[in-house]
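User: Please take me through some local features of this model, one question at a time, with the reasoning set out before each result.

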Amino acid sequence: MGYILIFIPLLVFTIINVIKKNNLLALVLSYSIIVSQFVLVTFFGNNIITNYVKVYGTGFKLNCLIDQLTIVMLMMISIVYFVTFMITNSTIKDDDKKFNAFNLLLLALMATNGLVMVNDFFTMYVFIEVVSATSYIQIVQSKDKYALEGGFKYLILSAVATTTILASTTLIFMMCGDTSFPVVKEFVRNNPNNIVILISLIFIVTGLFLKAGIVPFNGWLPDAYTGAPSAISVLLSGIATKTLGLYTLIRLIVSVFGFSPKLQGVFLVFGLLTIIVGAMFAIGQNNLKRMLAYSSISQTGYIILALGALAPNKTLGVLGAVFHMFSHAISKTQLFINGAAIEEQAGTVEMDKLEGIAQKMPVTGWTSVMGMLSISGIPPFLGFWSKLIIVIALFQSNLYFYGSAAIILSIITLAYYLNMQKKMFFGKIKDELTNLSEAKIGMTLPAILLSAVSFIVGIFFTLIFYNYIIPIQYIIK
Amino acid sequence: MVLEIILLSLLLISALITVYARSLARSAIGLGMISAMLTILMFRLNAPYAAAFELSVATGLITVIFISAISFTKPLTSQEEKDKSKERIKRYIYLPIILAIVAYLLWNNVGFSNILISSKQFYNSNFRIVLWEQRQFDLLGQVIILLVGIYSVIVLFKENKEDDNNK
């Protein structure tokens, strides 16, 4: 029954476009369906878990797979889309453009909900394409030079990724006769040394690394995040890299290909390389959004590093990766909301033109401090627990070098964020910024909400960890 | 078997034409040729529905869309064309070599004739059943992408008229 999460936004889309075209109605309906999705998934999650294998000729039933990993992803999706709707409502002023933006966000919500429920390679390909298509269109909405450049780079590199994913699906279909996950899992277990399966695995890991923004495939990420309008940067950083690249990788490893030492080696090396390159490039940046984009690349490296940790029963690495995805989505979304508020009020995001603005925009300043502490891994925020679990997983797998490297690079994360705070928020205020004022309630409320979530869930972290993250281990056999 | 090898080599040659062509319109026609060769291959491999869709969509519709998009651009002078085509040939000189190496490796190791024959084994069910009953989740995704397409046309092209009116 969980696939109603795709049909309800489709119904709202039909109502908005066919029956009554009104921005307020669109906003109220969207808020209500997102809040109801969050409540359904958080409190009644166990009722929608299904591994439905379709019976042919029996009417309308979808072949979808909803298990504990999907529940966590749906929670994350609902939080990020709720906040994105609030920011879109505040930043876009023109009514027609706001209506188009709401419709595109609803379509993206449908597609993302569908992507986390797939049970089939070809369906996964279709939904990856839909989420990418909605992202391209929303990046180039403003049509200025940097938006078009970022969107164009994203389009071309994403087309390469799509080609490799399709090639991999074709090879798998040729060998197994069917593309659904259980059939391929059975085939891989029976023929472990098949060369065509190895080639298709290489192709699909390359394609998903391109979508996720792993070094050396991250060329599109800084330009796309910087050029996009602020609301879409929020959506891209919170959802697009995580569901397109990282969730699909975790799903393929857990449900189809299984763990293997060579794959573990690939993940460890690429993860460490991504953390280092992202951190090094983020130190010297002047543009706030570009620095946050490189920081996103760096944190994605932590998630890939966690997947390479084959802890004694193979589960703690995956749990650390999923938990870090969740905490990074919340913290990075909140930092991008602060960037959106600054761009709205001061007109620029260059850090050397803004100094001491925390005196005039206190809410933005203090919530950015909380976001910074959460991402750098300072207790008791949420980011500390997720990084701790990753480091424990690495140490338990006897990978002492990678564990120590993860801890030391976390200090560099703190360094460039402290640089941002010192340059931008705290200091003497410049003369031309004296009549700056705090952003409207529509932009400060999401920031307060997200930093409250990261603080409270960080303190009561056992609540979310034992109820939602630990049950994922039951799907890893 | 021989006919399929000839068709595959014609496909590769038209792909090379697409990369090395002098002007954009010739590249678009090269893409149409690739789709035409692929259509004939699909008919040979006993997949008539796929061939029909490929012919109408890829060879017909996509080539028309490309040529209409190219008609919006300014064409280059013949001297610029010659310089750019020389530079392009120099940049992509490695392509035929890589294609030949990969084709040779596939022929010897994976079993080239195996790949072409095995696609005949899985054509065993009705097109109607496959689309409407086995692939319903994909259909939902494709409905969503149609709606995304409609909105992308509205977002990208409608505002052009407003900006032109304002100017």
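Analyst: Helices here are DSSP runs of H or I with at least four residues, and they are numbered from the N terminus. The model is a predicted one.

User: Between which helices of chain A does the loop with Pro216(A) lie?

Analyst: Pro216(A) follows Val215(A) through a peptide bond that is cis, with omega near 0°. Most peptide bonds are trans. The loop that holds Pro216(A) in chain A lies between α8 (195–212) and α9 (221–227).

User: What is omega for the cis peptide bond that joins Pro379(A) and Pro380(A)?

Analyst: Pro380(A) is placed in the loop of chain A between α14 (362–376) and α15 (382–396). The bond joining Pro379(A) to Pro380(A) is cis, and its omega is about -5°.

User: Is Lys143(A) buried, partly exposed or exposed?

Analyst: Lys143(A) sits in the loop between α5 and α6 (145–176) of chain A, and its phi is positive, near 65°, although the residue is not glycine. Most residues other than glycine have a negative phi. Because its relative accessibility is 27%, and the range between 20% and 50% is the intermediate class, Lys143(A) counts as partly exposed.

User: Which class of exposure does Asn398(A) fall into?

Analyst: Asn398(A) belongs to the loop between α15 and α16 (400–425) of chain A, and it too is a residue other than glycine with a positive phi, near 65°. Since exposed means over 50% relative accessible area, and Asn398(A) has 53%, the residue is exposed.

User: How far is the backbone oxygen of Val131(A) from a polar atom of the side chain of Ser135(A)?

Analyst: Ser135(A) is part of helix α5 (residues 121–139) of chain A. Its relative accessibility is 6%, and because buried means under 20%, Ser135(A) counts as buried. From a polar atom of the Ser135(A) side chain to the backbone oxygen of Val131(A), the distance is 2.9 Å.

User: Which helix of chain B gives the most to the positive patch?

Analyst: The patch of positive charge on the surface gathers Arg22(B), Arg26(B), Lys82(B), Lys86(B) and Lys90(B). Arg26(B) lies in helix α2 (residues 24–44) of chain B, and because its relative accessible area is 47%, it is partly exposed. With 3 residues, the element of chain B that gives the most to the patch is helix α4 (residues 78–91).

Methods. Residues are numbered from 1 along each chain as its sequence is written. Chains are lettered from A and ligands numbered from 1 in the order in which they are written. This is a predicted model: local features need pLDDT of at least 70, side-chain atom pairs count only at pLDDT 80 or more; totals for chains, interfaces and linings use all residues. Side-chain values use heavy atoms; hydrogens and water are left out. Patches are made of residues with over 30% relative accessible area and no salt bridge: like charges are joined within 9 Å, nonpolar side chains (Val, Leu, Ile, Met, Phe, Trp, Tyr) within 5 Å. Accessible areas come from the Shrake-Rupley method with a 1.4 Å probe; for residues, only the protein chains shown count as cover. A salt bridge is a side-chain nitrogen of Lys or Arg within 4 Å of a carboxyl oxygen of Asp or Glu. Lys and Arg count as positive and Asp and Glu as negative; His and the chain ends are not counted. The place of a charge is taken as NZ of Lys, CZ of Arg, CG of Asp or CD of Glu. Helices (H or I, at least four residues) and strands (E, at least two) are DSSP runs, numbered from the N terminus. Buried means under 20% relative accessible area, exposed over 50%, partly exposed in between (1.4 Å probe, protein chains only). A polar contact is a pair of N or O atoms within 3.5 Å; within protein, one must be able to donate a hydrogen and the other to accept it, and residues adjacent in sequence count only if both atoms are side-chain atoms.
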